[in-house]
Amino acid sequence: MIWLSTKKVAELTHLSERTIRRNINKYEYRHINGVGGKSGLKYEISLTSLPKDAQDEYNGSTSEKSTDIY
(Lines give C-alpha, C1' and ligand atoms only; values in the text may rest on other atoms or scores of the structure.)
Protein backbone atom coordinates (compact mmCIF):
# COMPACT_ATOMS: atom_id res chain seq x y z
CA MET A 1 0.00 0.00 0.00
CA ILE A 2 1.29 3.45 -0.89
CA TRP A 3 1.07 6.13 1.80
CA LEU A 4 1.31 9.82 0.88
CA SER A 5 1.92 12.92 2.98
CA THR A 6 -0.83 15.51 3.37
CA LYS A 7 1.28 17.88 1.29
CA LYS A 8 1.42 15.45 -1.65
CA VAL A 9 -2.32 14.71 -1.35
CA ALA A 10 -3.03 18.45 -1.41
CA GLU A 11 -1.06 18.78 -4.64
CA LEU A 12 -2.86 15.85 -6.26
CA THR A 13 -6.37 16.93 -5.25
CA HIS A 14 -5.78 20.67 -5.80
CA LEU A 15 -6.92 21.45 -2.26
CA SER A 16 -5.06 23.13 0.56
CA GLU A 17 -3.12 21.03 3.02
CA ARG A 18 -5.29 22.44 5.81
CA THR A 19 -8.45 21.23 4.02
CA ILE A 20 -6.97 17.75 3.71
CA ARG A 21 -6.16 17.62 7.44
CA ARG A 22 -9.56 19.04 8.39
CA ASN A 23 -11.34 16.37 6.32
CA ILE A 24 -8.95 13.53 7.19
CA ASN A 25 -11.84 11.17 8.03
CA LYS A 26 -12.84 11.06 4.34
CA TYR A 27 -9.68 9.09 3.60
CA GLU A 28 -7.97 5.96 4.82
CA TYR A 29 -5.15 7.34 6.93
CA ARG A 30 -2.62 6.56 9.61
CA HIS A 31 -0.71 8.81 11.97
CA ILE A 32 2.87 8.64 13.06
CA ASN A 33 3.78 10.05 16.47
CA GLY A 34 6.87 12.15 17.06
CA VAL A 35 7.45 13.20 13.45
CA GLY A 36 5.15 16.16 12.73
CA GLY A 37 5.06 19.78 13.79
CA LYS A 38 4.28 21.13 17.26
CA SER A 39 1.93 18.28 18.12
CA GLY A 40 4.39 15.62 16.97
CA LEU A 41 1.71 14.05 14.79
CA LYS A 42 2.02 13.40 11.07
CA TYR A 43 -0.77 12.02 8.87
CA GLU A 44 -0.25 9.77 5.88
CA ILE A 45 -3.10 9.01 3.48
CA SER A 46 -3.53 5.89 1.40
CA LEU A 47 -3.35 6.41 -2.36
CA THR A 48 -6.27 4.04 -2.91
CA SER A 49 -8.59 6.24 -0.82
CA LEU A 50 -8.08 9.27 -3.09
CA PRO A 51 -10.42 10.14 -5.98
CA LYS A 52 -9.68 8.37 -9.27
CA ASP A 53 -8.37 11.51 -11.01
CA ALA A 54 -5.87 12.13 -8.19
CA GLN A 55 -4.71 8.51 -8.41
CA ASP A 56 -4.25 8.86 -12.16
CA GLU A 57 -2.25 12.06 -11.71
CA TYR A 58 0.01 10.32 -9.18
CA ASN A 59 0.53 7.37 -11.50
CA GLY A 60 1.37 9.68 -14.39
CA SER A 61 -1.49 8.69 -16.65
CA THR A 62 -3.61 11.44 -18.09
CA SER A 63 -7.27 11.05 -18.82
CA GLU A 64 -7.30 13.94 -21.27
CA LYS A 65 -8.63 12.93 -24.65
CA SER A 66 -6.83 13.97 -27.78
CA THR A 67 -8.70 16.50 -29.89
CA ASP A 68 -6.55 16.17 -33.00
CA ILE A 69 -8.43 16.26 -36.26
CA TYR A 70 -7.08 14.04 -39.00
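Two strands pair here if DSSP finds at least two bridges between them. Keep that in mind for the views below, which come from a predicted model.

**Figure 1. The whole chain, with its three helices and three strands.** Following the sequence from its start, you will meet the elements in the pattern β-α-α-β-β-α. Of the 70 residues in the protein, 27% are buried. The exposed surface comes to about 5300 Å², and carbon and sulfur atoms supply 47% of this area. Among contacts between residues at least 6 apart in sequence, 42% link residues at least 24 apart.

**Figure 2. The open sheet of three strands, in the order E1-E3-E2.** Its pairing is antiparallel. Strand E1 (3–5) and strand E2 (29–33) sit at the edges with a single partner strand each, so one side of each has no neighbour in the sheet. From one strand to the next, the twist averages 40 degrees. Strand E3 (residues 41–46) pairs with E2 over five bridges, in the antiparallel sense. To find one of the residue pairs, start at His 31, whose bridge partner in E3 is Tyr 43. E3 also pairs with E1, again in the antiparallel sense, over three bridges. Here Leu 4 stands opposite Ile 45 of E3.

**Figure 3. Glu 44, a buried residue of the sheet.** Which strand holds Glu 44? Glu 44 belongs to strand E3. Its relative accessible area is 12%, and because buried means under 20%, Glu 44 counts as buried. The side chain of Glu 44 makes a polar contact of 2.7 Å with the side chain of Arg 30. Setting aside neighbours within four places in sequence, Glu 44 is in contact with Trp 3, Leu 4, Glu 28, Tyr 29, Arg 30 and Ile 32. In a regular strand, side chains alternate between the two faces of the sheet.

**Figure 4. The largest nonpolar core, made up of 11 residues.** Its members are Leu 4, Val 9, Ala 10, Leu 12, Ile 20, Ile 24, Tyr 27, Ile 45, Leu 47, Leu 50 and Ala 54. Helix H1 gives the most to this core, with three residues. If you zoom in on Ile 24, you will find that this residue touches Tyr 29, Tyr 43 and Ile 45, not counting residues up to four places away in sequence.

**Figure 5. Helix H1 lying across E1 and E3.** H1 runs at about 90 degrees to E1. Thr 13 is part of this helix, which spans residues 6–13. A polar atom of the Thr 13 side chain lies 2.8 Å from the backbone oxygen of Val 9. An α-helix has 3.6 residues a turn, so residues three or four places apart point the same way. Is Thr 13 buried or exposed? Thr 13 has a relative accessible area of 17%, and because the limit for buried is under 20%, this residue is buried. Beyond its neighbours within four places in sequence, Thr 13 is in contact with Ile 20, Pro 51 and Ala 54.

**Figure 6. His 14, in the loop between H1 and helix H2 (17–22).** His 14 is not a glycine, yet has a positive phi of about 60 degrees. Most residues other than glycine have a negative phi. His 14 has a relative accessible area of 62%, and because exposed means over 50%, this residue is exposed.

**Figure 7. Helix H3 (residues 52–59) and its buried residues.** Which residues of H3 are buried? Look for Ala 54, Gln 55 and Asp 56, which are buried in this helix. H1 is included in what covers the buried residues of H3. Ala 54 also appears in the largest nonpolar core, and Thr 13 is in contact with this alanine. Just after H3 comes Gly 60, which takes a positive phi of about 90 degrees.

Note on methods
Residues numbered from 1 in each chain as written. Predicted model: local features only at pLDDT ≥ 70, side-chain atom pairs only at ≥ 80, totals over all residues. Heavy atoms only, no water. Helix = DSSP H or I, 4+ residues; strand = E, 2+ residues; numbered from the N terminus. Buried < 20%, exposed > 50% of the residue type's maximum accessible area, 1.4 Å probe, protein only. Polar contact = N/O pair within 3.5 Å; in protein donor to acceptor, adjacent residues only side chain to side chain. Contact = heavy atoms within 4.5 Å. Core = buried A, V, L, I, M, F, W, Y, C linked by side-chain atoms within 4.5 Å. Axes fitted to C-alpha atoms, helices over the stretch in contact; angles between N-to-C directions. Areas by Shrake-Rupley, 256 points an atom, 1.4 Å probe, with all protein chains shown as cover.
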